[in-house]
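Biologist: Please choose a single part of this chain and take me through it slowly, giving the cut-off behind each term as you use it.

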Amino acid sequence: MINVINIACSVYDSTVTRILLLIVFCVMAVGKGVLAQNLPDLGDPFRDDFSPFQERVIGASIMGNIRSSTSYVSDPEIADYLNHLGYQLVANSDAPTTDFYFFALINQTLNAFALPGGYVGIHSGLILESDNESMLAGVLGHEIAHVTQRHIARVIAGQGRARIGSLAAMAAAILAARSNTDIMQAAVMTSAALPMQSQLSFTREHEREADRIGLRILDQSEFDPHQVPLFFKHLQRQSRLYESGIPEYLRTHPINSERIADIEARLAKLSSAQVEDGIALLFVKARLRIYQDGPLSAIEIFKEQLNSQDKKVRVAGMYGLLCSSIFSNDLTVLTIDEARATLDAALRSEPGHPMLLSVEAAFERLHGDLGRAEALYAGALARYPTRKSLVYGYAELLLSSEKFKDLEKLMSNHVWNAEIRDSKYYEYRAKAYEGLKLKMAMHRDYAEVLAMTGNLVGAINELLSAQKATDGNFFLRTSVDSRLRELEEIKRELEK
Ligand SMILES: [Zn+2]
C-alpha cells in the first residue's frame, strides 16, 4: 500500500489544467449530463469515510498518471490476460458488479497493490515469480478483497483528519466542476503541502480479512488455494536475494509465520483442487520478460526453455523467441523457415491459440509477406472477433498497406460493437478517413480520441473543424453538431 501514496504524490505535481482535463475525462466516463444536474454529493470533506464514487474519481486521476508513465504495460495481450483472470475472481467476490481494472507495471520488485476505486496493479517481477495461475490468482484475490472490503478508505479514515481533508480536497477539486480555477488551485496546493510521505499500511485485521476472503474467492473460482502459502513461503525465500531484506510485497502486506499458519489452518477445511493451467500465463511471462529484461537477455532464457522436459515450457520458449524477433524488429533471431517450423510445432501443441495466431500473423508481416499476414489476421479475427491484439495488428497492417477502405470497415465494426470504448479504435478509424480524404468523419473521430483521453479543448476544436468540412452527409453533420453541443455544455460547466 505504500505505492498508493507514492503514486498519489505525483498527482499533486500536476498543473491545474491537467486536473481540469481529468475532470472532463472522469465526467465523460461517468456519462453525459451527470455534471449539469446531478453533481454527486461530495459530503462533508472532514467526515471519516469516502464514498465509493469519490474513491473511483481519485483512482481514475492516479491512473491517468500511471498510464503516461514508462513502466505502464499497455500490451493488449497482457492487459487481456490479467483482466480475464481478475474478473474470473471478481465474479465470485462479495461485489461481483464492481468495476475493476487490472494492469501490469514493469518493475522487478515483487509487489501488487490496490488503488482507490478498483484499480489493481501487479509488478512484472511478481508475475514472473508466479509458478502457476493459482499463485497469481491468490495475490489478485487478496487485492480484490482489500477493494471490496473498502480497506483503503478505512485506512485513510484511520489516519486522521489531515489526510482525509487532503484527499477529500483533492476529490473535491477533481469533482466539483463548478469551483473556479482559484479554488481548485488552492485545493491542489493544500494537498501538496501535507506530509504525504508517511506510509499507509493495512492493519493486521485488514490483512487477515483480505486473506480469508481472498482464499474463499480463489476456492470458489476453482483455483487451488493451497498454492497461496506455498507462494508466500517462496517469496520469503526469495527475500534473501534482495538487498533491502524483504520483497516489497511482504513489506506492504507483511507476512509472518503467524499469518501463514492462519492461512494453512483455513486451508485445512478446503479440499485440495488439482488445477491444470492453460499456457497463457507462460506466454504472458515471455512477453513481460522481454519488456523487463530486454530482448537480448530474454532470448537466452527462451533458448534454455527449449530444452525443458515440460512441453508447455518448450512451447513458451518458442513463443518467446518469436516475440523477441517481432518486438525488436530483428530478423536474425529466427530465420523465416525456423520461425514457421516453430509456429507449426507450437500450434500442434496448442491448436488455434489466439496468442500464437497473433504472433504468426505479426511474424509474416515482419518478413514482408503482407498477403499471408492479412489472410492470417482475417482468419484469426473470424475466430476471435474481439481479441485486441488481433484488431490492433490487423489495423496496423491495413494502415501500412494503405488499404483505407478495409481499415474503415474493420474499425467501424469494432467502434460499434466494443463493450468498452477504446480510443485506439477511433484513432485507427480516423486514420482510415484521413487516407480516404473524408475530412468531416476524420475530425469527428479525432475529437472522440481527444475527449476520451481528457483533452476537452482539443476535442471541441476538432469538432469545429468537422463543421467546416463539406464532405459529410446529413447524419454525420447532425452527429457532429450534437456532440459539439454536449462538449461545449461540459466546458461551460467547468468554467463556472
Ligand atoms: Zn494486503
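Modeller: I would look at strand 3, which is covered on both faces: Tyr 119, Gly 121 and His 123 lie on one side, Val 120 and Ile 122 lie on the other, and all of them are buried. A residue counts as buried if 20 or more other C-beta atoms lie within 10 Å of its own, as exposed if 12 or fewer do, and as partly exposed in between, with the C-beta atoms placed from the backbone. Put as a count, five of the five residues of strand 3 are buried.

Please keep in mind that this is a predicted model, in which local features need pLDDT of at least 70 and side-chain atom pairs count only at pLDDT 80 or more, while totals for chains, interfaces and linings use all residues. Residues are numbered from 1 along each chain as its sequence is written. Strands (E, at least two residues) and helices (H or I, at least four) are DSSP runs, numbered from the N terminus.

Strand 3 covers residues 119–123 and pairs with strand 2 in the antiparallel sense over four bridges, where pairing requires that DSSP finds at least two bridges between two strands. In this pairing Leu 115 stands opposite Tyr 119 of strand 3. The two strands form a hairpin with three residues between them, and in the turn Gly 117 has a positive phi of about 90°. Strand 2 (residues 112–115) is itself buried on both sides, since Ala 112 and Ala 114 point one way, Phe 113 and Leu 115 point the other way, and all are buried.

Strand 3 has another partner, strand 1 (residues 101–105), with which it pairs in the parallel sense over five bridges. Here Leu 105 stands opposite His 123 of strand 3.

For comparison with a helix, consider helix 16 (residues 295–305), in which Pro 295, Ala 298, Ile 299, Phe 302 and Gln 305 are buried. These residues lie on the same side of helix 16 because they cover an arc of only 115° around the axis, the arc being that of the directions from the helix axis to the C-beta atoms. The face turned away from this buried side carries the exposed residues Leu 296, Ser 297, Glu 300, Lys 303 and Glu 304. To return to the part I chose, strand 3 has no such exposed face, as both of its sides are covered.
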